[in-house]
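Good morning, colleagues. Please take a moment with the sequence and the model before I take you through them.

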Amino acid sequence: IMEMIEMPKNFLWGCASAAYQVEGAYQEDGKGLTNWDQFVRIKDKTFKDTTGDVAVDHYHRYKEDIALMAELGLKTYRFSVSWARIFPEGRGAVNEKGLQFYENLVDECLKYGIEPMVTLYHWDIPAALDTAYGGWEDRQIVDDYAAYAKCLFKRLGRKVKYWITFNEQNIFTTFGWLLAAHPPGKFDAQKMFYQVNHHVNMAHAKAVLAFKQIVPDGKIGASFAFSPSYAFDCDPKNVIAKINFDEMNSFWWMDIYAYGRYPAFTWNYLDKKGLVPEMEADDKTILLAAAAKLDFMGINYYQSIVCEYNPLHGGVDPYGTMNTAGKKGTTEIKGVPGLYKNPPNPYLMTTDWDWTIDASGLRYACREVTSRYHLPIVISENGLGAFDILEDGKIHDGYRIDYLREHVLALEEAVQDGCDIISYCVWSFTDLLSWLNGYQKRYGLVYVDREEPEGSSMNRYKKDSFYWYKKVISSNGKHL
Ligand code: BG6
């Protein structure tokens, strides 16, 4: 046991989840179908064609799960709302049963003094909107999303203080429109990719502005999948490759949230290629106004990345095997010719799914966000996906404890460095559906007895990491 610093008073030790990955009950109580309900039914899209139809049955077991959270001493539970439970058609008539479910979930958290943190969009869009106008591809989505957000702010704003507009905009748009690995399953649709992102940015901005009217005391941000980058070495070519990477992959999104403007390098690069998004007259004003009101930057941190010079001609392919990202055994180098490529980091180990393990990257991420944006930070996700073994009712996941300990330590260093960090959410509380990897890639502090086929007991078992995190929380970060 390491004796470390105490975290700030009222620090929100948390865990996170997402509706599609935990709830199940995909057709219950008036819920409409979503893009994911449909996508998982296309053959070979997910591991063993696994669905989230039942997931880990959180919809019916939330009381049991939240009681376990209380036992853990959790201060915050970050979960997402499934839009199609609230508006089965995406817009129009509200489904009271959907609203009631989330209000019950919130009340159950509050009963134990657990601060609910609500994500409005964690990748599941009502299928009806895809059918009606192509979902995120059409500008109409901006107002429909804003109406959905307002409905939740009004219903839950008195009870929920922390809100997140979007989970990993960079991931769901990249996987959806460039890699064909998430819905709508398009490959290399570059022009549309940037247009979709602009729509998401406007939806985010309008929701932030509405939030400040409806819930003036609340806090709102977006959760970004941030992979801080390192230049391969001090060869100036590699250092420029690093800046290119950052501008294209990180600042392109985070600058919008925090500053309300697109970074110059990327805009210029896209403009030359005819890829800049179409904007309406007021968009810039709206983006600026929303950015000025952003309360925190949400960061999902899993790994850092290395950047190296990539020649324009004969360079590494833009997508390479990124198309198989998220699947085991993807070590091939990828990159954008003329800008950068991303070789593995020779100093670091990887997970069973080849994700680089780099605790100090979390400190680096916090430092960079602090110096660039001067915003408080919510670490809205961090955790280890691994194969776990249940034996005699126990799961000895020392590897997960090691991973989390190193990351919490890095977080404490970032606090000592002067970063204003208000929360840390372990991904995840219970095991859940890993979008493309079924149920075998486990992240939970609590094991769930289920594998890909339906019909298991769904019983919950506390892993060793559960007991470890309990001590971390009760000592406010001193006992790691
Ligand atoms: C993040 C997502 O990208 O990483 C989560 O917000 C996801 O929803 C998590 O589950 C881990 O990814 P994966 O592919 O290992 O399940």
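M297 stands opposite I377, a bridge position between strand β7 (residues 296–300) and strand β11 (residues 377–382). Strands here are DSSP runs of E of at least two residues, helices are runs of H or I of at least four residues, and both are numbered from the N terminus. The model before you is predicted: local features need a pLDDT of at least 70, side-chain atom pairs count only at pLDDT 80 or more, and totals for chains, interfaces and linings use all residues. Residues are numbered from 1 along each chain as its sequence is written.

Let me stay with these two strands. β7 and β11 run parallel and are joined by 4 bridges. I should add that two strands pair if DSSP finds at least two bridges between them. On its other partner, β7 is joined by 5 bridges to strand β5 (residues 219–225), again in parallel. Within that pairing, A222 has M297 as its bridge partner, and A225 stands opposite N300.

How many residues of β7 are buried? The count is 5 of the 5, so β7 is largely enclosed by the rest of the structure. Buried means that 20 or more other C-beta atoms lie within 10 Å of the residue's own, exposed means 12 or fewer, and partly exposed is in between, with C-beta atoms placed from the backbone. In a regular strand the side chains alternate between the two faces of the sheet. In β7, F296, G298 and N300 point one way, M297 and I299 point the other way, and all are buried.

β5 is mostly covered as well, with 6 of its 7 residues buried. Strand β4 (residues 162–167) pairs with β5 in the parallel sense over 4 bridges, and there Y162 has K219 as its bridge partner.

We may now step back to the whole sheet. It is a closed barrel of 8 strands, in the order β1-β2-β3-β4-β5-β7-β11-β12, with parallel pairing. Neighbouring strands of this sheet are turned by 25° against each other on average, direction ignored; the axes are lines fitted to C-alpha atoms, for helices over the stretch in contact, and angles run from 0 to 180 degrees between N-to-C directions. Elsewhere in the barrel, β1 (residues 12–16) and β2 (residues 76–80) pair in the parallel sense over 3 bridges, and C15 stands opposite Y77.

Next, the packing. A nonpolar core is a set of buried Ala, Val, Leu, Ile, Met, Phe, Trp, Tyr and Cys residues joined through C-beta atoms within 7 Å. The largest has 123 residues, and those with the most contacts inside it are C15, V118, L120, M297, I299, I377 and I379. Helix α9 (residues 190–214) supplies the largest share of this core, 9 residues. A second, separate core has 11 residues, including A231, F232, A241 and F245.

Where does the annotated residue lie? The unreviewed UniProt entry carries the annotation "active site" at E381, and E381 is in strand β11. UniProt positions follow the numbering used here, feature names are shortened, and annotations may be inferred rather than shown by experiment. E381 counts as buried because it has 26 C-beta neighbours inside 10 Å. Not counting residues up to four places away in sequence, E381 touches A16, N300, C425 and W427; contact here means C-beta atoms, placed from the backbone, within 7 Å.

Several backbone details deserve attention. W427 and S428 are joined by a cis peptide bond, with omega about 15°; S428 lies in the loop between β12 (421–427) and β13 (446–448). The bond from P183 to P184 is also cis, with omega near 5°, and P184 is in the loop between α8 (169–177) and α9. A25 is not a glycine, yet has a positive phi of about 45°. A25 is partly exposed, with 19 other C-beta atoms within 10 Å.

Finally, confidence. pLDDT is the predictor's confidence in each residue, from 0 to 100. The protein chain averages 95, and 97% of the residues score at least 70. Over residues 321–330, however, the pLDDT is below 50, and beyond near neighbours in sequence this stretch has 21 contacts in the model. Where pLDDT is low, the predicted coordinates should not be read in detail. The model scores ipTM 0.98 and pTM 0.96.

Note on methods:
Contact = placed C-beta atoms within 7 Å.
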